[in-house]
Amino acid sequence: MIHVLSTFKKVAERRGIGFRYHYVDLSSPKTFFGALNEVAVALDSSNRKYRKGIPIDHMQSRIIEAIGSYDGFLCLLIDEADNLRPNADSFLTFLGKTLPRKVSCRLVLILLTNRLDWEKTLDPRILSFLKKTDILFEPYDAMDLLEILKLRVEKALDKTKVDNSALNKVAGLASRETGDARKAVELMAKP
């Protein structure tokens, strides 16, 4: 998805259209504050986290300030959006309803999840104002996972120390379990 967004950015730049995107990682369960914290950190491109105890209103103001002067398209890619606890309603209401009213940029939200039933846990009013469109990606098969693992090995490891038969086995196991590339990489990393 990051590759697609970077391609969009290049096309937008060639046409003189402002386009920015930010990746928000919610792979570990987050509260409303924790999710806002991740968005704020993604927007100000820092590694620091905002400390606990800051009021939610302040966090929302930080996010609004970070993008307040931007006038193009802003895409927030929110990975594992289903990891908001206890519910995602407040977070999505802020991103989908409150934030667009406070900033001049056009906001695009991409919510990624592996749980197809996740939207059933949301308030129907949230689904209404999000105007969502679903895109379903089939799980990776063993051949897809093998290609992904080979790319990861090329980028991060010494190719001479990784046996192809081991990659084949990991790709086969991961495709039977979930078809998830992250699971395949986790399996590969285990001794």
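The pLDDT is the predictor's confidence in each residue, on a scale from 0 to 100. In this predicted model, the mean pLDDT of the chain is 86, and 98% of its residues reach 70 or more. Because the model is predicted, local features need a pLDDT of at least 70 and side-chain atom pairs count only at pLDDT 80 or more, while totals for chains, interfaces and linings use all residues. Residues are numbered from 1 along each chain as its sequence is written, and side-chain values use heavy atoms, with hydrogens and water left out.

**The whole chain**

Begin with the whole chain in a cartoon view. The chain holds 8 helices and 3 strands; these are DSSP runs numbered from the N terminus, with helices (H or I) of at least four residues and strands (E) of at least two. Read from the N terminus, the order of elements is α-β-α-α-β-α-β-α-α-α-α. Along the principal axes, the C-alpha atoms fill a box of roughly 55 × 40 × 35 Å.

Colour next by confidence: the mean is highest in E2, at 93, and lowest in H8, at 83.

Then display the surface. The chain exposes about 12,300 Å², of which carbon and sulfur atoms supply 52%; accessible areas come from the Shrake-Rupley method with a 1.4 Å probe, and for residues only the protein chains shown count as cover. Of the 191 residues, 36% count as buried, where buried means under 20% relative accessible area, exposed means over 50%, and partly exposed lies in between (1.4 Å probe, protein chains only). Among contacts in the chain with a separation of 6 or more, 65% are between residues 24 or more positions apart; a contact means heavy atoms within 4.5 Å.

**First stop: Phe-8 and Phe-19**

Select Phe-8 and Phe-19 and show their side chains. The chain has 1 aromatic pair, counted when the ring centres of Phe, Tyr or Trp (its six-membered ring) lie within 6.5 Å; planes under 30 degrees apart are stacked, over 60 edge-to-face, and the rest tilted. The ring centres of Phe-8 and Phe-19 are 6.3 Å apart and their planes stand at 90°, so the pair is edge-to-face. The pair links distant parts of the chain, with Phe-8 in helix H1 (residues 2-14) and Phe-19 in strand E1 (residues 19-25), 11 residues apart. Phe-8 is partly exposed, at 46% relative accessibility, whereas Phe-19 is buried, at 14%.

**Second stop: Arg-20 and Tyr-70**

Moving on to Arg-20, one finds this residue over the face of Tyr-70, at 4.6 Å from the ring centre. A charge sits over a ring if NZ of Lys or CZ of Arg is within 6 Å of the ring centre and within 35 degrees of the ring normal.

**Third stop: the loop between E2 and H4**

Select Glu-80, which lies in the loop between E2 and H4. Glu-80 has a positive phi of about 60° although it is not a glycine. Is Glu-80 buried or exposed? With a relative accessibility of 10%, Glu-80 counts as buried. Beyond its neighbours within four places in sequence, Glu-80 is in contact with Leu-26, Ser-27, Leu-112, Asn-114 and Arg-182.

In the same loop, between E2 and H4, select Pro-86. A cis peptide bond joins Arg-85 to Pro-86, with omega about 0°.

**Fourth stop: the salt bridges**

Side chains of opposite charge can pair when their charged atoms come close. The chain has 7 salt bridges, each defined by a side-chain nitrogen of Lys or Arg within 4 Å of a carboxyl oxygen of Asp or Glu.

Return to Glu-80 and add Arg-182: their side chains meet in a salt bridge, at 2.4 Å from N to O. The pair links distant parts of the chain, 102 residues apart, with Glu-80 in the loop between strand E2 (73-79) and helix H4 (89-102) and Arg-182 in helix H8 (residues 181-189). Arg-182 is partly exposed, at 35% relative accessibility. Add Asp-79 and Asp-180 to the selection: salt bridges that share partners join Asp-79, Glu-80, Asp-180 and Arg-182 into one network.

Select Glu-38 and Lys-30 next; their side chains form a salt bridge of 3.4 Å, N to O. Glu-38 is buried, with a relative accessible area of 12%, and Lys-30 also counts as buried, at 17%.

Finish with Arg-125 and Asp-123, a salt bridge in which the closest N and O atoms are 2.5 Å apart. Here Arg-125 is exposed, with a relative accessible area of 62%.
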